[in-house]
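Trainee: I am new to this structure and would like a guided tour. Please show it to me, and then I will start asking.

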Amino acid sequence: MSDIITPELVALDQDLGENRSSVIRHLAERVAAEGRSTEVDGLYADALAREEKTSTGIPGGIAIPHCRSTAVSEATLVMARLSPPVDFGAKDGPADLVFFIAAPDGADQEHLKLLSKLARSLIKKDFTASLRAAQSPADVVALVNGALGLGEVPATGTAGAHSAGTPAGSAAGSRTSEAAATLGTSPAGTDATGPAVDAGRATDTKVRRLVAVTACPTGIAHTYMAADSLVAAARERGIDLQVETQGSSGATPLDPAVIAAADAVIFAVDVDVRDKQRFAGLPVISSPVKRGIDEPGEMVEEALAAAGNPNARRVAGTAGDQQADDDGSRDSVGSTLKRALLTGVSYMIPFVAGGGLLIALGFLLGGYLITETADAVVLENSLVNLPAGGLGEYLGAVAYKIGQLSLGFLVPALAGYIAYALADRPGIAPGFVAGAVAGFMDAGFLGGIVGGLLAGYVAMMIGRLSVPRWLRSLMPVVIIPLVASIVASGLMFLLLGGPIAALSLSLNNWLSSLTGTAAVGLGVILGLMMAIDLGGPVNKVAYSFAVAGLGAASVDNIAPLQIMAAVMAAGMVPPLAMALATLIDRNRFTAPERENGKAAWLLGASFISEGAIPFAAADPLRVIPASLLGAAATGAIIMGAGVTSQAPHGGFFVFFAIGDFPMFLLAILVGTVISALAVIALKRYATRKTQTPATEPVAA
């Protein structure tokens with residue numbers, strides 16, 4: 001495994017482009033050139049997707065773009081020392097040292113441990129100073145192998161060897177000078193997640209004890225770097241901090257006795273904390289994993305303050321804690337609500353997508369009258385006792401009934417997972433119950449939202465109560481679900497269900513009455529909502545509104561089917577338009593954008609609006625207005641022409657569920673052309689900004 005990095009995988013003092021995407025592209029090309037990747041595009045796309053989740057720049061002029069990819073055949077490190085440095089999102093400025101970690105999708109544990117060890121080494125000043133002082137790729141390989149325990153650590157030179165090639169006064173140069181003074185202070189890659197008490201600095205007679213969990217989506221770099229940063233910050237303050245790293249190379253759970261003795265817990269995570277109920281009752285500080293690297297001292301101080309505050313937020317298994325904003329202990333109500341609603345919708349979609357497609361298949365096989373006979377057919381007939389309509393009617397009835405039952409989970413699943421987002425597992429049962437009550441009272445989609453929020457907030461508040469230690473184990477499995485179910489569902493029955501049901505009925509009646517100009521106006525509004533944030537909260541509200549109405553659709557009430565068609569068609573326009581624009585005027589787009597344009601064809605055809613996000617992120621003031629124009633036009637055409645969709649997802653691939661498919665195609669084509677021409681015009685004639693060269697990165 002000593003060839004995890006080779007001199008051919010090292011680029012020293014090179015200009016690899018002006019932005020992080022061009023740097024990542026160049027490094028992906030290096031991996032492929034050495035035969036360690038089956039394709040450049042796949043590896044580049046996976047790495048860029050990981051970069052868009054959380055920037056990989058860390059303090060000290062370092063960046064660690066990384067990913068696991070099916071395009072990678074062998075675990076690989078690529079190192080670049082950049083001149084000039086490139087911004088990777090770190091608070092202290094651009095990065096001049098970039099390590100690209102490319103791991104196979106099914107990487108073995110030993111390789112993952114090595115990659116994680118390297119990531120931890122990069123927060124040590126002596127190691128990064130040695131990298132800046134290295135005079136050849138062979139020196140870098142020797143340094144990395146030494147840090148990974150794969151060879152002897154070479155004697156280091158002086159920082160001046162590299163700083164001579166660094167622009168005077170640059171951030172990278174100053175960091176090099178500072179780091180050079182620390183050479184040889186500690187071995188790189190030391191595991192520091194064990195006890196971290198510096199007795200010489202401890203001033204309290206009682207040692208304060210903290211525990212922490214770190215986790216990132218990929219589980220290779222940020223997970224372990226955050227752990228080491230937190231431990232170092234705790235050691236400086238004389239604090240005993242034990243960290244559980246939940247990464248790709250495995251996790252060793254904290255000893256229950258250590259958790260029981262802790263004063264507070266820190267969650268530096270971007271994903272769910274495994275078995276969070278272990279920490280029930282502890283004061284908690286939660287932030288994204290990157291804050292554990294950037295601001296470890298602040299997180300430790302906040303945890304100490306929470307430990308002494310009887311009103312501090314406590315762990316009751318609250319998912320709302322796990323992906324907090326930087327100010328993790330003081331989430332705004334708006335951000336909490338947004339996260340809860342998006343979580344509910346994301347978990348609801350599989351029920352809706354599968355159920356809707358099965359209903360559409362039922363209509364295809366059994367005809368529209370299958371709604372009147374499905375129950376009798378599936379109960380009274382079988383494959384050896386077919387109904388009068390034959391095999392088609394029987395299979396159509398089965399498909400329709402399965403789909404109908406699946407859609408029956410729409411409101412309970414929405415409410416249950418909204419509550420889950422607020423209160424983790426203790427909120428699921430009361431949320432599902434409140435959603436079932438909303439469905440029973442015909443309160444529909446709106447009732448599910450209200451019931452889920454009630455159940456989640458009640459469960460969350462109960463979970464924050466300070467209870468004796470012997471009672472903590474009963475809280476998440478008995479007391480919280482029981483009390484929250486009684487309160488939330490009781491309020492739905494006694495006070496809220498009736499008014500919400502009346503509002504839902506009025507809304508459905510209004511939609512059913514829309515014709516002509518009014519319907520076209522609704523199509524414009526739905527189109528704008530689908531394009532304004534490309535898969536964000538507003539987009540999800542429009543989509544949820546559409547799928548919730550599918551259950552009320554019938555032969556006599558096709559308005560919900562028209563709304564579903566408008567939402568799906570409008571959501572397909574932005575990625576298709578960006579793909580078309582990259583073909584019409586290639587020079588207006590960077591090389592990475594042109595690569596994204598190729599993928600956007602399939603994403604748009606599948607009704608995945610997020611395919612336009614890379615374009616909007618790079619140029620929002622041009623891309624979003626252009627997307628709004630085309631999506632609004634498509635929504636208006638769909639509603640005006642009365643196009644319907646019995647399927648809630650699938651784009652062109654559910655053509656059999658689209659009523660008047662040629663008009664559906666025409667509406668999308670019109671919107672796509674409008675948006676594509678608009679974005680090109682804006683890029684040509686709107687106020688210009690500095691353009692990134694459209695040429696491919698120059699190979700070293």
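Trainee: Which residue follows α16?

Mentor: A word first: this is a predicted model, in which local features need pLDDT of at least 70, side-chain atom pairs count only at pLDDT 80 or more, and totals for chains, interfaces and linings use all residues. Residues are numbered from 1 along each chain as its sequence is written, and side-chain values use heavy atoms, with hydrogens and water left out. Helices (H or I, at least four residues) and strands (E, at least two) are DSSP runs, numbered from the N terminus. Now look just past α16 for a positive phi, near 55°: the residue is D424.

Trainee: Is D424 buried or exposed?

Mentor: D424 sits in the loop between α16 and α17 (425-440). Buried means under 20% relative accessible area, exposed over 50%, and partly exposed in between, with a 1.4 Å probe and protein chains only. The relative accessibility of D424 is 9%, so this residue counts as buried.

Trainee: How many residues of α16 are buried?

Mentor: Helix α16 covers residues 410-423 and reaches 20 Å from its first C-alpha to its last. That is close to the 20 Å expected at 1.5 Å a residue, where the expected span is 1.5 Å times one less than the number of residues. The helix is largely enclosed by the rest of the structure, because the count of its buried residues is 14 of the 14.

Trainee: And how many residues of α1 are buried?

Mentor: Helix α1 (residues 20-33) has 14 residues and also spans 20 Å from first to last C-alpha. Its buried residues include V23, I24, L27 and V31. Just after α1, G35 has a positive phi of about 75°. The helix is mostly covered, and its buried residues number ten.

Trainee: Which other loop residue has a phi near 65°?

Mentor: Look in the loop between β12 (658-659) and α27 (661-685). The residue there has a relative accessible area of 41%, so it is partly exposed. Its phi is positive although it is not a glycine, and its name is D660.

Trainee: Let's turn to the sheet. In what order do its four strands come?

Mentor: Two strands pair if DSSP finds at least two bridges between them. In this open sheet the pairing is parallel. The edge strands, each paired on one side only, are β8 (240-245) and β10 (284-287). The twist averages 15° from one strand to the next, and the order is β8-β7-β9-β10.

Trainee: How many bridges join β7 to β9?

Mentor: Strand β7 holds residues 209-215 and strand β9 holds residues 264-269, and they run parallel. L210 stands opposite A264 in β9. The number of bridges joining β7 to β9 is six.

Trainee: What angle does α8 make with β8?

Mentor: Helix α8 (residues 222-236) packs on the sheet and touches β7, β8 and β9, where contact means heavy atoms within 4.5 Å. Axes are lines fitted to C-alpha atoms, for helices over the stretch in contact, and angles run from 0 to 180 degrees between N-to-C directions. Another helix, α11 (residues 296-307), lies across β7, β9 and β10 at about 145° to β9. For α8 against β8, the angle is about 175°.

Trainee: How far apart are the axes of α23 and α26?

Mentor: Helix α23 has residues 559-584 and helix α26 has residues 620-641, and they pack at an angle of about 145°. Among the residues making the contact are A566, A569 and A570 of α23, with G630, A631 and G635 of α26. The distance between the axes is 8 Å.

Trainee: Where is the cis peptide bond?

Mentor: One partner, P84, lies in strand β5 (residues 76-86). Omega of the bond is about 10°, and the two residues it joins are S83 and P84.

Trainee: Stepping back, what percentage of the chain's residues are buried?

Mentor: The chain contains 27 helices and twelve strands. Among contacts between residues at least 6 apart in sequence, 76% join residues at least 24 apart. Of the 700 residues in the chain, the buried share is 54%.
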